[in-house]
Amino acid sequence: MSSSPNHTLHGLNAPQREAIHYMDGPCLVLAGAGSGKTRVITTKIAQLIEQYGYDARNIAALTFTNKAALEMQERIAKLLQQPKQAKQLTVSTFHSLGVKILRQEAKELGLKDRFSIMDSDDCFSIVQDLAITTDKQLIRRIQTAMSLWKNGMVDPDTALKQAKDEDEAQAARIYRNYVATLSAYQAVDFDDLIRLPVELFRNNEAVRDKWQRRLRYLLVDEYQDTNTCQYELVKLLVTGVGKKPMFTAVGDDDQAIYAWRGATIENLKQLQTDFPDLNIIKLEQNYRSSTRILQAANAVIGNNPKLFEKSLWSEHGLGDPIKVVAMPDDEQEAEQVAIMLSAHKFERRAKFSDYAILYRGNHQARVIEQALRRERIPYTISGGQSFFDRAEIKDIIAYLRLIANQDDDPAFIRAVTTPKRGVGQATLETLGAFAGQWQCSLFEAVFKGGLEAKLADRQLTPLREFCNFINNLEAHAHREGHAASLLDDMMKEINYEGYLYDAFDERQAQGKWQNVIDFTTWLKEKGSGGKDGSDDHRSLLDLTQMVALMSMLEGKDEEPDAVRMSTLHAAKGLEYPHVFLVGVEEGILPHKGDPDAPVDTLAARIEEERRLMYVGITRAQRSLHVTWCKKRKRAREHVHCDVSRFIKEMKLDEGDAVPTEEETITPQNRLANLKALLQKPKAA
DNA sequence: CCAGCGGCATTTTTT
DNA sequence: ATGCCGCTGG
């Protein structure tokens, strides 16, 4: 390997090299599963800096998750001769970039730069108030509808006009109020983080120009997952008069599995229309899986109408036969999988961490977990609730949000009621009505004249005390150098620990308090490590806004040798030597959709399910086991299940064993079967 | 009327 | 396991 700057190009195939070196304009890289797409993006960025003379500050790479962004940045740093340059890059999620833009351009949008970011729980409460209902399902539906409208850049008026029935019209009216409410709170939701920059860039040439000069080369990862709004942002960032659009989008239409949250593969077609000189490069060589696995994957996805002809191939051998096993029911499936996995691991001298068990829905994890425990197989479940979504963490964040933005009513309500300080539902309702009358925030209303007439001293006093307390904290944050002392003061003052031990049992309280300590420690680290200590207020705000975008980012202290359990959605982008794909039945995969869901078409839904199957198959490097159940415990009854159409679509041949029911393992014949499994000669 | 308990269903997920 | 709805008893 040479030590020239080009050593990073070593071992790339021809289309990969082309994708990296193509600098004449817009470029779309159709990267099949396992074809080295991340390598292309990271290498291209390194090349932009080292070969093409780009300043790292002028390059942006957009991803969908913090994890992906972080990983990408780390990989780029390793490729660069001066790894420090990687820090200058904008490698972030769409949403983080949105925050950055909004923060800097808030004034242009009539937003204070200390705006709050509402999470979906806050938004839920807002909708709950606006819709005057307690029907959680209805609220969810309205929330989803509003999110899809925002992501599709449909404004409330248009939504109302297009409403097909009274329910939709109702949702559209709530949507209108919701937008107004957020604006009153000086708050934005996650969707706004993309939508507002788009609106700004559309309406303000100068600002748009500024950002175009700032971000001169754009790379977009997982392009097939972009929604209308995100694509619009990309377009606005790269399209300028007399300027060549410079970007590389990387994606795979066969792995588009997020249509249900607004992503649209229309964006892939649209790219060709909007950029007629788009250079399309296909990466079809797969470096991940055996040929047999790829054949099955290709066969399945071949049933979908294709946007771009694409066929994966591999230099790896044929590999192990794919095993499809029918199970009597879901409990036995779980047990069989556990046993098969054990045997397989023993036989291959593999590690537990070489295995993944993938399923369609989270609830399927339950039985499997139990079986793995019985078999003493260590496992980790991917996903799970995020650290930042825990109630105790949100409580603390509410205080920080309120200190930063006193108009943030949801934060006010949460903070003022947790811990309890004599402000209850009735007081808040009166205060809310009063604030509504004066068109001001709850916080402001507390000090407005006339409130005395509405509230008894007994109610008013704790409110005023609370607000004074927040004001003191704010002054403190302004005065002091760091967020650290503020946090300590605050925690002591509100006696959060005492509250926890009061409201929960010993064990729970202990865990929660530890979480709070971890969180504040983490916050302090981040806070003191900040760049400009000039305005501390800022840095506190920085932290709260950053935290709002955090989900599962964290020093996962994993790496114990454990089997990975994951939904198919969460497994995208990952790979495992050995994969068990379970519950492959009609109704599960493909999943039977809601009968009264907003139906696009049945075909479209099946196609997305098929892509999900494709994603599942292509996670496997060396071996793939697919199981399905003849019966499944549904509520109280065992209901009959049919094998998934996708299994037939894999077009498996003789080499792929399909044991009958008699061959399945019961506790009684387990030992014999274990031996049989171990002795079964393996192909190749 | 509200609280507490018991029975029942349960897509996918990020920011 | 969890959360949600509905029913019952105080």
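Serine 35 lies in the loop between strand E1 and helix H2. In this predicted model, serine 35 counts as buried because its relative accessibility is 1%, and the cut-off for burial is under 20%. Serine 35 also belongs to a "binding site" annotation that comes from an unreviewed UniProt entry. The points below begin with that site and go on to the annotated domain, a buried threonine and the empty spaces in the model.

**The annotated binding site**

- The unreviewed UniProt entry places Ala31, Gly32, Ala33, Gly34, Ser35, Gly36, Lys37, Thr38 and Arg288 under "binding site".
- These residues span 258 residues in sequence, yet no two of their C-alpha atoms are more than 13.3 Å apart, so they gather at one spot.
- Beyond its neighbours within four places in sequence, serine 35 is in contact with Gln16, Leu283, Gln285 and Tyr287.
- Glycine 32 is found in the loop that runs between strand E1 (27-31) and helix H2 (37-50).
- With a relative accessible area of 4%, glycine 32 is buried.
- The contacts of glycine 32, again leaving aside neighbours within four places in sequence, are Asp252, Gln255, Leu283, Lys310 and Leu312.
- Leu283 thus appears among the contacts of glycine 32 and among those of serine 35.

**The annotated domain**

- UniProt, in an unreviewed entry, lists residues 10-290 as "domain: UvrD-like helicase ATP-binding".
- Helix makes up 52% of the span 10-290 and strand 13%.
- The C-alpha atoms at the two ends of residues 10-290 lie 23 Å apart.

**Threonine 567**

- Strand E14, which covers residues 563-567, contains threonine 567.
- Threonine 567 has a relative accessible area of 12% and is therefore buried.
- A polar atom of the threonine 567 side chain lies 3.1 Å from the backbone nitrogen of alanine 570.
- Apart from neighbours within four places in sequence, threonine 567 is in contact with Tyr359, Arg360, Gly361 and Asn362.

**The second largest pocket**

- The volume of the second largest pocket is about 1,000 Å³.
- This pocket is lined by 28 residues, of which Asp129, Tyr185, Asp409, Ile413 and Leu442 are the closest to its centre.
- At least two lining residues are supplied by each of helix H5 (120-131), helix H8 (166-185), helix H17 (409-417), helix H18 (425-438) and helix H19 (442-446).
- Helix H5 gives the largest share of the lining, with eight residues.
- By class, the lining of the second largest pocket holds 12 nonpolar, eight polar and eight charged residues.

**Enclosed cavities**

- Rolling a probe the size of a water molecule over the atoms shows where empty space is left.
- The count of cavities of 30 Å³ or more comes to two.
- The second largest cavity holds about 30 Å³ of space.
- Its lining is formed by Asp330, Glu333, Gln364, Val367, Ile368, Val582 and Arg632.
- Helix H14 (330-348) and helix H15 (365-374) each contribute at least two residues to the lining of this second largest cavity.
- The lining of the second largest cavity divides into three nonpolar, one polar and three charged residues.

Note on methods. Residues numbered from 1 in each chain as written. Chains lettered and ligands numbered in written order. Predicted model: local features only at pLDDT ≥ 70, side-chain atom pairs only at ≥ 80, totals over all residues. Heavy atoms only, no water. UniProt positions renumbered as here; feature names shortened; annotations may be inferred. Helix = DSSP H or I, 4+ residues; strand = E, 2+ residues; numbered from the N terminus. Buried < 20%, exposed > 50% of the residue type's maximum accessible area, 1.4 Å probe, protein only. Polar contact = N/O pair within 3.5 Å; in protein donor to acceptor, adjacent residues only side chain to side chain. Contact = heavy atoms within 4.5 Å. 1 Å grid on protein atoms, 1.4 Å probe; cavity = no way out; pocket = protein on both sides within 12 Å on 5 of 7 lines; lining within 4 Å. Points joined across faces, edges and corners; volume = space filled by probe spheres on them. Nonpolar A, V, L, I, M, F, W, Y, C, P; charged D, E, K, R; others polar.
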